[in-house]
Amino acid sequence: MVLKEFGNMAFDKKTMKENVPYPVYLKWKQAARNNATLDRESADAIAHAMKVWAISKGATSYTHWFQPLNGKTATKKTAFLNRDDKHNPINRFSGKELIKGEPDASSFPSGGMRSTFEARGYTYWDLTANSFILDKVLYIPSVFVSFYGEKLDKKLPLIESMNMVSKEASRVCNLFLKEEKTYRVKAKLGLEQEFYLIDKKYFDKRIDLEYSGMTLVGSDPMVEKELISHYLGDIPKRVDEFFEDVNSELYKLGIYMEAEHNEVGPNQFEIAIMYENVNISVDNNQLLMHILEKTALDHDLVCLLKEKPFKNMAGSGKHNNYSLATNYGRNLFTPGKTPKNNPVFLLFLASMIEVCNKYQKLIRIASSSVTNDYRLGGDEAPPAVISLFIGRDLEEVLESVANDDFEEKVIENMVKIPHLGEIKTDSSDRNRTSPIAYTGNKFEFRMLGSSKSAADLNTVINIGFAESVKKIADRLEKVDEDRLKEEAYSIVKEIYQENKNILFQGDGYSEEWEKEAEKRGLENFPTFLEAVIAAKATNAYDIFEKSGIFTKKEIESIIKVEYEDVTKFFSSQLEILNNMIHQEILPSAMREIASIKDYLSFVENERLRQRARKINEKVGELLDYCDIISDILEKSEDMDLLEDKAKYLQKETRKVAGEIRQISDSLEKLISRENYSMPNYVDMLKTL
């Protein structure tokens, strides 16, 4: 790839500077940096430059690209081609059209914030994000609001929360970093995306994968359950060609791919893109997921982004690496050579500990979804109990701050490498079972599900962090300069002592930890729904209203959308299972019985006769469950309260789906490959 072609399909800062008058570029830069208003004349100039540039790259239309409450992305494409007053063809795109779009909002989830007849919604340009061209369309990253101004998307709250962090963190920095005037503190994010690939010909024959993203039936695969040889092994040729095309698309869009490799599960892979400002990184990840799915189809593959597509196989996550950087590029989570003498680092470390402890429910909810529940606590996934791993060395630093007589144990790990001599390694290991871990100069939130937008989680982190740091800044600003450091240590001591129950170094999968976590008062919500109900009951969502990010009405709508997600998932799961029983499993069983009957017409074999009876018996059991499914769906329809409906459907569906799977999986083992119509795990998890 030629470096000069990097980002040639992105209208980035460099392209902006080259294509708009310099005074207009400066106005855009000022607006982007300082959250200022861009005047209409400048918007017209930028729109004209965008249009000319996009058309020169082959674009024929434009769209405002936004992220509604369902966590996906949405567009409404409009052609540049129009006609002038004399009905002659003309390419038209104005500043008004750049700044504002008007998609129909009636079909997007709103949690009851507006009636279905109130269709109008507005998209507004996020001028801090790069517009880009994909498939001959100019995409304009945008936020989405209702006619009355209610937030209908995930991006606007995220941007507002980033501004809060910048404001409050800058106050603390300017008290200590006198030589560097801090104007901005940017929340930075790096996302690692895990996913599975399977051959499209197998995907097309699996109704469950097509409609739910996960297998609802399927016996234990005849492959290694822990296929260690796959992890970080050679990428198969077919997948390597897929990655080449993915990387080519990312390259043109100016997105830096940092790493890609095989993951633990067979046919499971990971790709990571480099750090960006949080809102840009979330955009890039949404774009990456689209490119992964689109490119897979070009290779007759299907990219599975759901968290647990295969039972007993490793689940997929989206590791969320969060850090903070000043306008000078200083990483505020870097401890330096002597962390104990770095009050800024200690204050921000303490704030993150407080956020993780105080907002356990919201982190659990924002990291997850009903489908992520199937992943948590499994292979390569953290448990549902929130804990924070910061490493033995930093815990000892905090202990020494909190207790004057505490003696730190200075541990230096050295490893001898041939020809290189002795090299110092990190003083503490990484804990792969921890939902949140400090990893050197960032915090890795590992609970986030692979199919979920990262916007919710980072909005929660930002709001909680801004709240914590504001309290610190308010307190420090009242102290004389010569007592700043002493007061900082007092604050760190207090926060540590009040929140150290969240810190854990051991095995998060163990039964002992579950008991210990309960003693510490840590919350354990095995399911997403339980966390939502608990958060509502304890007013945990109030932080959104207090911070000004959401109104009470918007919070109520968010909770309603979460309930709706649960009810839709489980009712859909029941309908899919009913369909699979009638259209796939029963016909397969009938073909097997017919084959046995044909055989027995020539040769008597009591064992085969018993096998046919066993198959018939299990067919009857499945038909009984079809009646149970109908009863559950009918009863749920009569429920008025959405919360009750969600609880009922989750409880009954999990029980029934598990029992149906057990029966159907035992049937699969009794039916020959010739007669079983669906691809099994062996087919789908073959080496590509």
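Before I start on helices: the axes I use are lines fitted to C-alpha atoms over the stretch in contact, with angles running from 0 to 180 degrees between N-to-C directions. Also to keep in mind, this is a predicted model.

**Helix pair.** I looked up α11 (residues 360–367) against α16 (residues 528–537), and their axes come within 9 Å and cross at roughly 140 degrees. Angles over 145 would count as roughly antiparallel, so I have α11 and α16 down as oblique to each other. I noted the handedness too: the crossing of α11 and α16 is left-handed. On the α11 side, the contact is made by Lys361, Arg364 and Ile365. Phe528, Ala531, Val532, Ala534 and Ala535 make it from α16.

**Aromatic rings.** How many aromatic pairs does the count come to? I got 30. Phe569 and Phe570 form one I wrote out in full: 5.0 Å centre to centre, with 80 degrees between the planes. That pair goes down as edge-to-face, because planes over 60 degrees apart count that way.

Are these two residues buried or exposed? Phe569 has a relative accessible area of 12% and Phe570 one of 0%. The cut-off for buried is under 20%, so Phe569 is buried, and Phe570 is buried as well.

I also logged an aromatic cluster formed by Phe333, Phe345, Phe348, Tyr438, Phe443 and Phe465.

**Charges over rings.** Which residue lies over the face of Tyr122? I found Lys100 there, at 4.4 Å from the ring centre. For Tyr374, I noted the charged end of Arg654 sitting over the ring, 4.9 Å from its centre.

Methods
Residues are numbered from 1 along each chain as its sequence is written. This is a predicted model: local features need pLDDT of at least 70, side-chain atom pairs count only at pLDDT 80 or more; totals for chains, interfaces and linings use all residues. Side-chain values use heavy atoms; hydrogens and water are left out. Rings of Phe, Tyr and Trp (its six-membered ring) pair if their centres lie within 6.5 Å; planes under 30 degrees apart count as stacked, over 60 as edge-to-face and the rest as tilted. Buried means under 20% relative accessible area, exposed over 50%, partly exposed in between (1.4 Å probe, protein chains only). A charge sits over a ring if NZ of Lys or CZ of Arg is within 6 Å of the ring centre and within 35 degrees of the ring normal. Helices (H or I, at least four residues) and strands (E, at least two) are DSSP runs, numbered from the N terminus. Angles under 35 degrees count as roughly parallel, over 145 as roughly antiparallel, 65 to 115 as roughly perpendicular and the rest as oblique. A crossing is left-handed if the near helix is turned anticlockwise from the far one by less than a right angle, and right-handed if clockwise. Contact means heavy atoms within 4.5 Å.
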